[in-house]
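This note is addressed to a colleague who is meeting the structure for the first time. Please keep the sequence and the model in view while reading.

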Amino acid sequence: MMVDLNSYLVIGALLFSLGLFGVITRRNGVAVLMGVELILNAANVNFIAFARFGGMDFSGHVFALFVIVMAAAEAAVALAIILNIFNNMGTINIDEADQLKQ
């Protein structure tokens, strides 16, 4: 059974839409971070799909690996920030973290 490029692009679009919906609608810092991870995974699906069907050799795989490494670094920094906000303010609601402006 052969899966065509359109199937990968539809899955990427669905992942991106769900991630964007999570980032826009959620106020919980961890939920927003999970939405960002879905968006990055949508980009990875598209990179791999175009590498397979578009003749991009290994460049799509290299870009996907780079995105995975950057997502891991981003998650580590963001979780450290969220933990610090929770220790100082007692909440991870990003709307209540407005004391950072002062």
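The points below concern a predicted model and deal with a salt bridge and then with a helix.

1. The count of salt bridges in the model comes to 1. The partners are R27 and D95, whose side chains meet with an N to O distance of 3.5 Å. R27 belongs to the loop between helix 1 (5–25) and helix 2 (29–53), while D95 belongs to the segment after helix 3 (59–89), so the salt bridge ties together parts that are 68 residues apart in sequence.

2. Are the two partners buried or exposed? R27 is partly exposed, its relative accessible area being 31%. D95 is likewise partly exposed, at 47% relative accessibility.

3. Helix 2 consists of 25 residues. From its first C-alpha to its last, helix 2 reaches 37 Å, close to the 36 Å expected at 1.5 Å a residue.

4. Which residues of helix 2 are buried? They are G29, A31, V32, L33, G35, A42, N44, A49 and A51. The cover over these buried residues includes helix 1 and helix 3. As a general point, an α-helix has 3.6 residues a turn, so residues three or four places apart point the same way.

5. Both ends of helix 2 deserve a remark. At the start of helix 2, N28 brings a side-chain oxygen to within 3.0 Å of the backbone nitrogen of V30. Just after helix 2, G55 adopts a positive phi of about 75°.

Note on methods:
Residues are numbered from 1 along each chain as its sequence is written. This is a predicted model: local features need pLDDT of at least 70, side-chain atom pairs count only at pLDDT 80 or more; totals for chains, interfaces and linings use all residues. Side-chain values use heavy atoms; hydrogens and water are left out. A salt bridge is a side-chain nitrogen of Lys or Arg within 4 Å of a carboxyl oxygen of Asp or Glu. Helices (H or I, at least four residues) and strands (E, at least two) are DSSP runs, numbered from the N terminus. Buried means under 20% relative accessible area, exposed over 50%, partly exposed in between (1.4 Å probe, protein chains only). The expected span of a helix is 1.5 Å times one less than its number of residues. Contact means heavy atoms within 4.5 Å. A polar contact is a pair of N or O atoms within 3.5 Å; within protein, one must be able to donate a hydrogen and the other to accept it, and residues adjacent in sequence count only if both atoms are side-chain atoms.
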